[in-house]
Amino acid sequence: MNVIDPRIHQVLDGELASETLPAELRRAVAAVAAAADLLAAPRPGPAASLETRVMAEIRRPAPSLARRLMRWLVTPHAIIFRVRPAWSLAFAVVVAVLTLITMGEDGPVLGEHEGIAQFVGRFPEAQSVHAVGTFNDWRSGSIELEDHDHDGVWRATVVLPAGTYEYMFVVDGERWVPDHLAERLVADDFGRENSVVIVRAVRR
């Protein structure tokens, strides 16, 4: 650590004339005085206050439309899609209509020995209706009827190989009911009646 000669302090305090000092001390006094003057000198230009900076920002002219558009394009934005129930319903209706139009024009693709079987039953209080028979080994759940109009009339249209089949309706997964509108009914081995549907191959 360098110790400043006390005579330098005396010269800076005006207690001693700098001419009485040796040449090297006079140079040290001059350097200290120059540094003090530099620190005491005000900075160039007035210091802007907070109010001045705010007012300058307010008075700044608004950017042009092209500059605002460019700034918007280069700035990341979060995009949120909100799906309203009405739009969802409209979209579903459009899809359903297009599907029906397509089916109406082309119809199901049938093989040479295949035909169409239609199952219709009236069950106003039912929650679910399935068709079971010899065409699906009497397995419930494979052919589900639907009540689109909520009028109690359940329908299903399926493609089956040409032939004669026995069948019944399974209502709400428990009640087995024959189709009394079928072409005919036959007795089964359990003392019940099964409905009969004849599927004819579609001629081309």
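**Exercise 1. Work out how open D172 is to its surroundings, and say what stands out about its backbone.**

Start with the area. In this predicted model, D172 has a relative accessible area of 34%. Buried means under 20% and exposed means over 50%, with partly exposed in between, so D172 counts as partly exposed.

Next, place it. D172 sits in the loop between strand 5 and strand 6.

Now look at the backbone. The phi angle of D172 is near 55°, which is a positive value in a residue other than glycine.

**Exercise 2. Find another aspartate with a positive phi, and describe its charged partner.**

Go to the loop between strand 2 and strand 3, where you'll find D137. Its phi is positive, about 55°, although D137 is not a glycine.

Then check the accessibility. D137 comes out at 58%, and the cut-off for exposed is over 50%, so D137 is exposed.

Now for the partner. D137 forms a salt bridge with R139, and the closest N and O atoms are 3.3 Å apart. R139 has a relative accessible area of 47%, so this arginine is partly exposed.

**Exercise 3. How many salt bridges does a search of the whole structure find? Describe the one made by D188.**

The search turns up two. The bridge between D137 and R139 is one of them.

In the other bridge, the side chains of D188 and R192 meet at 3.5 Å, N to O. Pick out D188 in the loop between strand 7 (184–187) and strand 8 (193–199).

Compare the two ends with the cut-offs. D188 has a relative accessible area of 15%, and buried means under 20%, so D188 is buried. R192 has 36%, so R192 is partly exposed.

Don't stop at the salt bridge, though. The side chain of D188 also reaches the backbone nitrogen of G191, at 3.2 Å. On top of that, a polar atom of this same D188 side chain lies 2.7 Å from the backbone nitrogen of R192. Put together, the D188 side chain meets the side chain of R192, the backbone nitrogen of R192 and the backbone nitrogen of G191.

**Exercise 4. Count the aromatic pairs, then follow two of them through the fold.**

First, the count: the structure holds five aromatic pairs.

Take F119 and Y167. Their ring centres are 5.0 Å apart with 70° between the planes, an edge-to-face pair. F119 belongs to strand 1 (residues 114–122) and Y167 to strand 5 (residues 163–171), so this pair ties together parts that are 48 residues apart in sequence. As for accessibility, F119 is at 0% and therefore counts as buried. Y167 is at 3%, so Y167 counts as buried as well.

Now try F135 and Y165. This aromatic pair is edge-to-face too, at 5.9 Å centre to centre and with 70° between the planes. The pair links distant parts of the chain, 30 residues apart: F135 is in the loop between strand 2 (129–133) and strand 3 (144–145), while Y165 is in strand 5. Both F135 and Y165 are buried.

Finally, zoom out. Ring pairs join F119, F123, F135, Y165, Y167 and F169 into a cluster.

**Exercise 5. Is P178 buried or exposed, and which residues does it touch?**

Find the residue first: P178 is in the loop between strand 6 (175–177) and strand 7. Its relative accessible area is 17%, so P178 is buried.

Leave out residues up to four places away in sequence, and P178 touches M168, L185, E193 and S195.

One distance to check on screen: the C-alpha atoms of P178 and V196 are separated by 9.3 Å, and these two residues are 18 apart along the chain.

**Exercise 6. Which residues make a nonpolar surface patch of about 570 Å²?**

The patch is made by L69, M70, W72, L73 and V74.

Pick one member, L73, and place it: L73 is found in helix 4 (residues 65–74).

Then test L73 against the cut-off. Its relative accessible area is 54%, and exposed means over 50%, so L73 is exposed.

Note on methods
Residues numbered from 1 in each chain as written. Predicted model: local features only at pLDDT ≥ 70, side-chain atom pairs only at ≥ 80, totals over all residues. Heavy atoms only, no water. Patch = residues over 30% accessible without salt bridge, like charges linked within 9 Å, V, L, I, M, F, W, Y side chains within 5 Å. Areas by Shrake-Rupley, 256 points an atom, 1.4 Å probe, with all protein chains shown as cover. Salt bridge = Lys/Arg side-chain N within 4 Å of Asp/Glu carboxyl O. Helix = DSSP H or I, 4+ residues; strand = E, 2+ residues; numbered from the N terminus. Buried < 20%, exposed > 50% of the residue type's maximum accessible area, 1.4 Å probe, protein only. Polar contact = N/O pair within 3.5 Å; in protein donor to acceptor, adjacent residues only side chain to side chain. Phe/Tyr/Trp six-rings, centres within 6.5 Å; stacked < 30°, edge-to-face > 60°. Contact = heavy atoms within 4.5 Å.
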